[in-house]
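Welcome! Please take a moment to look over the sequence and the 3D view, and then read on for a guided walk through them.

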Amino acid sequence: MKIGRHKGTGRYLIREARRAAKNAYCPYSRFAVGAAILSSDGRVFSGANVENSSYGLTVCAERSAIVAAVSAGAREFLAIAVVGGGRQTSILPCGACLQFLSEFCGAKMPVFLAPLRGGAGRMTVLGKLLPSAFMFKKKGVVET
Ligand SMILES: [Zn+2]
């Protein structure tokens, strides 16, 4: 899918995701990934992958960005960009991140995917990447 009418948003988020990828902590894979997500109130939250000696504890860039956003009070999102991979090829979010995104984002939310360096990227939507997300019925948000 082409970026089309979301071109400006996509370019901006891809730029922010690339900036975030510079902070990736990836001494084991050397595979830096960055993500930037736009909340409905206009804020942009970014994240990078953070690896761990115990590999299973590694946190992807997408989840880093969402955790930062939700921790800051954001609950609704309009778009996300994910950058990684080589010069010409972009990457796709992993299954865990797609499920994590589905908790807060609708199936039609634009997902911009671009190489770590260079390239305009492409757009798809969350529902295309994860058409059947697991969902509990929400019982309400706990107010503190
Ligand atoms: Zn992931």
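The sections below go from the overall fold to the sheet, the core, the helices and a few residues in loops.

## The overall picture

Please keep in mind that this is a predicted model. The chain contains 4 helices and 5 strands. Reading from the N terminus, these elements follow one another as α-β-β-α-β-α-β-β-α.

How does the overall size fit the chain length? A compact globule of 144 residues would have a radius of gyration near 15 Å, and the chain agrees with this, having 15 Å. The C-alpha trace spans about 45 × 40 × 25 Å along its principal axes. Of the 144 residues, 35% are buried. If we look at contacts with a separation of 6 or more, 63% of them join residues that are 24 or more positions apart.

## The sheet

The 5 strands come together in an open sheet with mixed pairing, and their order is β2-β1-β3-β4-β5. At the edges are β2 and β5 (122–125), each of which pairs on one side only. From one strand to the next, the twist averages 20°.

Let us begin at the β2 edge. β1 and β2 run antiparallel and are joined by 5 bridges; one pair to look for is A35 with its bridge partner G47 in β2. These two strands form a hairpin with 4 residues between them, and G42 in the turn has a positive phi of about 90°. Towards the other edge, β4 and β5 also run antiparallel, with 4 bridges joining them. Here F112 stands opposite M123 in β5.

Is β2 enclosed or open to the outside? 5 of its 5 residues are buried, so β2 is largely enclosed by the rest of the structure. Both of its faces are covered: V44, S46 and A48 are buried on one side, and F45 and G47 on the other.

## The nonpolar core

In soluble globular proteins, nonpolar side chains tend to be buried together. In this model, the largest nonpolar core has 38 residues, and the members that touch the most others are A35, I80 and A81. At least two core residues come from each of α1 (7–21), β1 (33–39), β2 (44–48), α2 (61–71), β3 (77–84), α3 (95–102) and β4 (110–114). The element giving the most is β3, with 6 residues.

A81 is a good place to zoom in. Setting aside residues up to four places away in sequence, A81 touches G10, L13, I14, A17, A35, A36, F112 and A114. Two of these may already be familiar from the sheet: A35, the partner of G47, and F112, which stands opposite M123.

## Two helices against the sheet

α1 has 15 residues and reaches 21 Å from its first C-alpha to its last, close to the 21 Å expected at 1.5 Å a residue. Its buried residues are G10, L13, I14, E16, A17, R18, A20 and A21. Which elements do the buried residues of α1 pack against? Their partners are β1, β2, α2, β3, β4 and β5.

In α2, the buried residues are A61, E62, R63, S64, A65, I66 and A69. They pack against α1, β1, β2, β3 and α3. Just after α2 comes G73, with a positive phi of about 100°.

## Two residues in loops

T58 sits in the loop between β2 and α2. T58 counts as partly exposed because 16 other C-beta atoms lie within 10 Å. Apart from neighbours within four places in sequence, T58 is in contact with N49, V50, E51 and N52. Y25 is 33 residues from T58 in sequence, while their C-alpha atoms are 9.6 Å apart in space.

Now try R30, in the loop between α1 and β1. Is R30 buried or exposed? R30 counts as exposed because it has 8 C-beta neighbours inside 10 Å, and a residue needs 12 or fewer to be called exposed. Its backbone is worth a look too: R30 has a phi near 55°, a positive value in a residue other than glycine.

Terms used
Residues are numbered from 1 along each chain as its sequence is written. This is a predicted model: local features need pLDDT of at least 70, side-chain atom pairs count only at pLDDT 80 or more; totals for chains, interfaces and linings use all residues. The radius of gyration is taken over C-alpha atoms; the globule rule is 2.2 Å times the number of residues to the power 0.38. A residue is buried if 20 or more other C-beta atoms lie within 10 Å of its own, exposed if 12 or fewer, and partly exposed in between; C-beta atoms are placed from the backbone. Two residues are in contact if their C-beta atoms, placed from the backbone, lie within 7 Å. A nonpolar core is a set of buried Ala, Val, Leu, Ile, Met, Phe, Trp, Tyr and Cys residues joined through C-beta atoms within 7 Å. Two strands pair if DSSP finds at least two bridges between them. Axes are lines fitted to C-alpha atoms, for helices over the stretch in contact, and angles run from 0 to 180 degrees between N-to-C directions. The expected span of a helix is 1.5 Å times one less than its number of residues.
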